[in-house]
Amino acid sequence: MSYQSEYLLAKNNPTQYWQEQAKLIDWFQAPTNILSQDQDDFYHWYADGSLNTSYLALDYHVKQGRGEQTALIYDSPVTNTKEKYSYAELTVLVAKFADVLAKQGVTKGDRVLIYMPMIPQAAIAMLATARLGAIHSVVFGGFAPHELAVRIDDATPKVVVTASCGVEIEKVIAYKPMIDKAFEDAIHKPDTCIVYQRDLVKADLLPNRDIDWQQAMINATEHEPVPVLGKDPLYILYTSGTTGKPKGVVRENGGHAIAMKYSMDINYGVKPGDVFWAASDVGWVVGHSYIVYGPLISGCATVLYEGKPIKTPDAGAFWRVCEEYNVNVLFSAPTAFRAIRKEDPHGNELSKYNLPSLKRLYLAGERLDPATYHWLNDITHLPVIDHWWQTETGWPIAGIPVGLDTMEPKEGSAGVATPGYQIEILDPDGVPVNKGESGYIAIKLPLPPGCLPTIWNDPERFKVGYLNSFPGYYVTGDGGYIDKDDYLFIMGRTDDVINVAGHRLSTGEMEEVISNHKDVAECAVVGIKCKLKGQVPLALIVLKNGCEQTTEVHKVLKELIRDQIGAIASLKEVLTIDRLPKTRSGKILRKVMRQMIDGEEVQVPSTIDDMSILDELKISFRVLT
Ligand SMILES: CCC(=O)SCCNC(=O)CCNC(=O)[C@H](O)C(C)(C)COP(=O)(O)OP(=O)(O)OC[C@H]1O[C@@H](n2cnc3c(N)ncnc32)[C@H](O)[C@@H]1OP(=O)(O)O
């Protein structure tokens, strides 16, 4: 099978194509209803199939005789810990933790919120929730209590699972006080909080609410996987939108399982027994898909790394892990490699390691800049594959389908459309543009299996945010073009979402926090270029008349953002200006300011209410250079 023929099969007869791919996994009962639509016209794949995702990731491999094979490798330079779990061992731990959750009343359809550092118990909690047919919602450890509370109120979990602490290089971060604050702030009160006690910090437990993970596991018995339907949700993962409230992306069990197996074959070209390392975090979709579910469903060993690309202890950390565990495929964000390049520009660290097993490097999460692409290619002599996808899709929309064909990556491109995704570039009226022309990147409906069917608790937001702009299409929020060879080039977001070190953040959310300050009359947050992190947030504020404490206000605002959203959203700078540029209808011209600061060609809309403001801004922005 070639890429072309697979792409056309999936395009011309999606139902038949994905019915065939359904055979990739071990259903309890194979689906007969391959593609259906609900009352909102939203699509669902494999609605009536019966399966269990934890069974597919664990028990299935034990049944196939691979129980002794390594399933999970935990490497934590920050705690000097290295552990390996076989498929048989991981199955027992997951089955027992499922029993712990069941004893707290968790049943099919209930939500379990997981707020954990990068330790094996994070994956165990996810898989145990899936085993019960319950729905997990993992919240990235870098988010502050307020963000946690917002997610608790939206997902209304019965149980929260956490650990006593996380470790950020040398900084030990106690998680329990953040959990307690989130419980306090949230309107919904989960019944139970299960705490994994780490050696570094012992958390204080509340008598009637908190449970010690290790204690609970002593008397746990192994819980069997609970069959669920293909359309039953496996997880909710929150992602930033243009407004303050994050969106709960829903992932269904059936389509997700097929997408994981399919993408591990087609996009990543791995087979059972291979070692796959996604150097990311379980709190992001990369962690869900390619630290936990994808590698395990495909019978690989997955690496769960509690460290950073640099400083834990040096810029050779990634290469050390690749050598030590014979990693075959390494996946990370461009920011991680930019950080390594900064510390080790000539690849001296890399030359200390022997990497015969490493076949390919994959990058995603933000645009891979050509300089980093070439550097990585030059020092490793390995294929460097940029690919593009989103929390919403859960697996690659575009890439190099190494499992199907030999295709060369192109500098600056995220590859070609993965079979199942019909990517089109549309103009503002929804009309497809010619090859080479830029526009809105949209995907023709139905999206393939594994992509979001809706937004949790908010079908209207799914329609408004993704479907209504161009009927018949899902709008990705990214802009770009397709070249004459069908390679896709991503040029950036078309909305007010920014990407900081591979973390997707909402400028709207930051603006909400800033505008609550008593001295701020108006504000705008824009993402400006950063050599290391891709983009960083800059706040432009207009102070109320009579407020003179500019420096003090700037300091307070930076702290507010860290406290309310989290350290990953840290403001690069706060700049006070006299007024913000606007259209005649009052819309703030964020893009104009970003283009001016980044030194790009400035596209001023004809609707600007006062052209003279551009000269004022030019003067104000001088301090930034
Ligand atoms: C394809 C679909 C997708 O896009 S899914 C998303 C893919 N994105 C990723 O995988 C993220 C990639 N980025 C990273 O892994 C990190 O940014 C790397 C490159 C490792 C750098 O990490 P770091 O040096 O910590 O910088 P940062 O900008 O991430 O962090 C800024 C501040 O936040 C903190 N932080 C980070 N993570 C946590 C955490 N889990 N718990 C608590 N705090 C955290 C960092 O310590 C840092 O704090 P500070 O400013 O130094 O005080």
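**Exercise 1. Describe the turn between β25 and β26: how many residues lie between them, and which turn residue has a positive phi?**

Solution. β25 and β26 make a hairpin, with five residues between the two strands. In the turn, aspartate 486 has a positive phi of about 70°. Strands here are DSSP E runs of at least two residues, and helices are H or I runs of at least four, both numbered from the N terminus. This is a predicted model, where local features need pLDDT of at least 70, side-chain atom pairs count only at pLDDT 80 or more, and totals for chains, interfaces and linings use all residues. Residues are numbered from 1 along each chain as its sequence is written, and side-chain values use heavy atoms, with hydrogens and water left out.

**Exercise 2. Work out which strands pair with β25, and in what sense.**

Solution.
- Step 1: apply the rule that two strands pair if DSSP finds at least two bridges between them.
- Step 2: take β26 (residues 488-493), which pairs with β25 in the antiparallel sense over five bridges. Here isoleucine 482 is bridged to leucine 488 of β26.
- Step 3: take β24 (residues 439-444), which is joined to β25 by five bridges and runs antiparallel to it. Isoleucine 443 has tyrosine 474 of β25 as its bridge partner.

**Exercise 3. Is β25 largely enclosed or not enclosed, and why?**

Solution. Buried means under 20% relative accessible area, exposed means over 50%, and partly exposed lies in between (1.4 Å probe, protein chains only). β25 spans residues 473-482, and nine of its ten residues are buried, so the rest of the structure largely encloses it.

**Exercise 4. Lay out the seven-stranded sheet and find its edges.**

Solution.
- Step 1: write the order, β5-β4-β17-β16-β18-β19-β20; the sheet is open and its pairing is mixed.
- Step 2: mark the edges. β5 (81-86) and β20 (384-386) each have a single partner strand, so one side of each lacks a neighbour in the sheet.
- Step 3: check one pair. β4 (residues 70-76) and β17 (residues 301-305) run parallel, joined by four bridges. Leucine 72 is bridged to threonine 302 in β17.

**Exercise 5. How do α3 and α10 cross, and which residues make the contact?**

Solution.
- Step 1: use axes fitted to C-alpha atoms over the stretch in contact, with angles from 0 to 180 degrees between N-to-C directions. The axes of α3 (residues 53-66) and α10 (residues 285-297) come within 8 Å and cross at roughly 50°.
- Step 2: classify. Under 35 degrees is roughly parallel, over 145 roughly antiparallel, 65 to 115 roughly perpendicular, and the rest oblique. The two helices are therefore oblique to each other.
- Step 3: list the contact (heavy atoms within 4.5 Å). α3 contributes Thr53, Leu56, Ala57 and His61; α10 contributes Tyr293, Leu296 and Ile297.
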